[in-house]
Amino acid sequence: MEYIHNTEQFQFHNTVVALGKFDGMHKGHQLIFDELIQYKQLGYQAAVFSFDRPPLNMLKHKHMRVIYTTNEKIKLLARRGIDIYIEHPFTDEFSHLSPEDFVIKVLLEKTGMKVLVVGDDCGFGYKRQGNVELLERMSKEYDFKLIVIPKLELEGEIVSSTRIRHLLSEGKVEEANRLMEDPFMICGPVVHGNHMGAEVLQMPTANQIPLEDKLLPPNGVYVSRIHYKDETYYGISNVGVKPTIEGKKHMGVETYILDFHKNIYHKEIEVELLCFKRPEMKFDSLESLSQQMHEDAEFARRYAKEHYGYEA
């Protein structure tokens with residue numbers, strides 16, 4: 001997949017384009033991607049057009065954390081068969097572009113759009129003045145095909161990144177995962193920790209430091225599924241600051257991988273959070289922590305076996 005970023009200079013031809021932020025990469029978004037893949041099979045290039053930051057972060061000076069970082073989104077889009085991912089700089093000048101100029105000067109002229117796929121609530125251009133009605137008029141005038149995907153409803157509510165964000169913030173990862181095409185994940189390299197897991201607790205762990213703008217669920221212990229290269233494993237992950245361990249505190253994800261004995265320092269892994277086990281807590285001793293970690297690992301083993309047929 002070709003990734004376009006940090007530039008407004010690009011040129012493509014004969015594309016089918018999906019327009020949106022696609023933060024949650026949820027099942028509603030997948031309906032849009034499915035349309036792209038259908039047209040890809042007809043000879044079009046499948047392109048996703050998004051922005052290099054949440055527009056609200058600049059327009060309203062907010063700091064909205066993202067469900068998926070750019071690196072994570074690139075991986076997920078590539079797996080879905082997308083050919084081009086454009087992360088357009090959301091500059092002040094760009095934010096003042098009229099909806100008509102955005103369609104003409106960016107989508108038609110730069111992406112070479114022949115087909116546009118949007119959700120029925122899409123808003124774009126200056127002050128989000130552009131909408132489906134405008135696109136319908138412009139599609140006739142400028143000869144491109146418009147496909148509008150209605151919102152998906154699951155469990156009595158609309159599927160949205162906002163809904164997923166709320167569920168994750170409340171630690172309801174199982175509920176959030178039901179709305180997403182893949183379970184919520186943290187992707188990144190394994191870094192060196194304090195080596196307490198292997199040397200003191202006899203449970204070697206893989207430490208990741210998520211980016212600051214990555215949305216994480218509440219501090220706690222979660223059953224997890226781990227992808228390393230082409231292999232899948234299960235384990236238990238602590239999201240938080242490890243309060244029992246002395247030393248500098250920083251937010252991290254620490255994962256004990258069941259039945260795993262490889263050296264993966266500096267290697268990238270994907271950790272999917274499947275189920276909340278317990279809150280993060282401070283123990284009176286390392287022995288108490290070790291005992292609890294072993295109990296957590298056994299819980300993860302039972303959960304993986306019951307839900308995914310895991311066998312060591």
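In this predicted model, Arg-225 counts as buried, with a relative accessibility of 15%, because the cut-off for burial is under 20%. Arg-225 is found in strand β11, and its side chain makes a polar contact of 2.7 Å with the side chain of Glu-272. Once neighbours within four places in sequence are left aside, the residues in contact with Arg-225 are Pro-183, Thr-232, Tyr-233, Tyr-234, Glu-270, Val-271, Glu-272, Leu-274 and Tyr-308.

The strand that carries Arg-225 brings us to the sheet. Six strands make up this open sheet, in the order β9-β14-β11-β12-β13-β10, and their pairing is antiparallel. At the edges stand β9 (185–189) and β10 (206–208), each of which pairs on one side only. From one strand to the next, the twist averages 35°. Within the sheet, β11 (residues 220–228) and β12 (residues 231–240) are joined by nine bridges in the antiparallel sense; Ile-226, for instance, has Tyr-233 of β12 as its bridge partner. Strands β9 and β14 also run antiparallel, with five bridges between them, and here Gly-188 is partnered by Ile-269 of β14. Although β9 is an edge strand, four of its five residues are buried, so β9 is largely enclosed by the rest of the structure.

Two helices can be placed against these strands. Helix α10 (residues 286–308) lies across β11, β12, β13 (252–257) and β14, and runs at about 105° to β14. Strand β11, crossed by this helix, pairs with β12. Helix α3 (residues 70–79) packs on the sheet as well. Its contacts are with β9 and β14 (268–279), and its direction makes about 110° with that of β9. One of the residues of α3 is Ile-74, which is partly exposed at 21% relative accessibility. Beyond its neighbours within four places in sequence, Ile-74 is in contact with Met-1, Tyr-3 and Tyr-85. The pairing with Tyr-3 spans a good stretch of chain: the two residues are 71 apart in sequence, yet their C-alpha atoms are 7.7 Å apart in space.

Turning to charged pairs, a search of the whole structure finds 17 salt bridges. One of them joins Asp-296 and Arg-278, with 2.8 Å from N to O. Asp-296 belongs to helix α10 and Arg-278 to strand β14, so this salt bridge ties together parts that are 18 residues apart in sequence. Both Asp-296 and Arg-278 are buried. Helix α10 takes part in another salt bridge through Arg-301, whose side chain meets that of Asp-259 at 2.9 Å, N to O. This pair links distant parts of the chain, since Arg-301 sits in α10 and Asp-259 in the loop between β13 and β14, 42 residues apart. Arg-301 is partly exposed, with a relative accessible area of 23%, and Asp-259 is likewise partly exposed at 35%.

A further salt bridge is formed by Arg-178 and Glu-155, whose closest N and O atoms are 2.8 Å apart. Arg-178 lies in helix α8 (residues 173–179), while Glu-155 is in the loop between β7 (153–154) and β8 (157–158), so the pair ties together parts 23 residues apart in sequence. In terms of accessibility, Arg-178 is partly exposed at 41%, whereas Glu-155 counts as exposed at 53%. Salt bridges with shared partners join Glu-155, Arg-163 and Arg-178 into one network.

The nonpolar residues complete the picture. The largest nonpolar core has 48 residues, and those with the most contacts inside it are Leu-36, Val-48, Ile-67, Val-117, Leu-168, Ile-264 and Ile-269. Helix α1 (residues 27–40) gives the most to this core, contributing four residues. Ile-269 is a link back to the sheet, being the β14 bridge partner of Gly-188. For Ile-67, the contacts beyond four places in sequence include Leu-168, Ile-164, Met-180, Phe-184 and Leu-215, together with Asp-23, Glu-72 and Lys-214. Another core, of 28 residues, lies apart from the largest one, and among its members are Ile-84, Phe-90, Leu-107 and Val-132.

Technical notes
Residues are numbered from 1 along each chain as its sequence is written. This is a predicted model: local features need pLDDT of at least 70, side-chain atom pairs count only at pLDDT 80 or more; totals for chains, interfaces and linings use all residues. Side-chain values use heavy atoms; hydrogens and water are left out. Two strands pair if DSSP finds at least two bridges between them. Helices (H or I, at least four residues) and strands (E, at least two) are DSSP runs, numbered from the N terminus. Axes are lines fitted to C-alpha atoms, for helices over the stretch in contact, and angles run from 0 to 180 degrees between N-to-C directions. Contact means heavy atoms within 4.5 Å. Buried means under 20% relative accessible area, exposed over 50%, partly exposed in between (1.4 Å probe, protein chains only). A salt bridge is a side-chain nitrogen of Lys or Arg within 4 Å of a carboxyl oxygen of Asp or Glu. A nonpolar core is a set of buried Ala, Val, Leu, Ile, Met, Phe, Trp, Tyr and Cys residues joined through side-chain atoms within 4.5 Å. A polar contact is a pair of N or O atoms within 3.5 Å; within protein, one must be able to donate a hydrogen and the other to accept it, and residues adjacent in sequence count only if both atoms are side-chain atoms.
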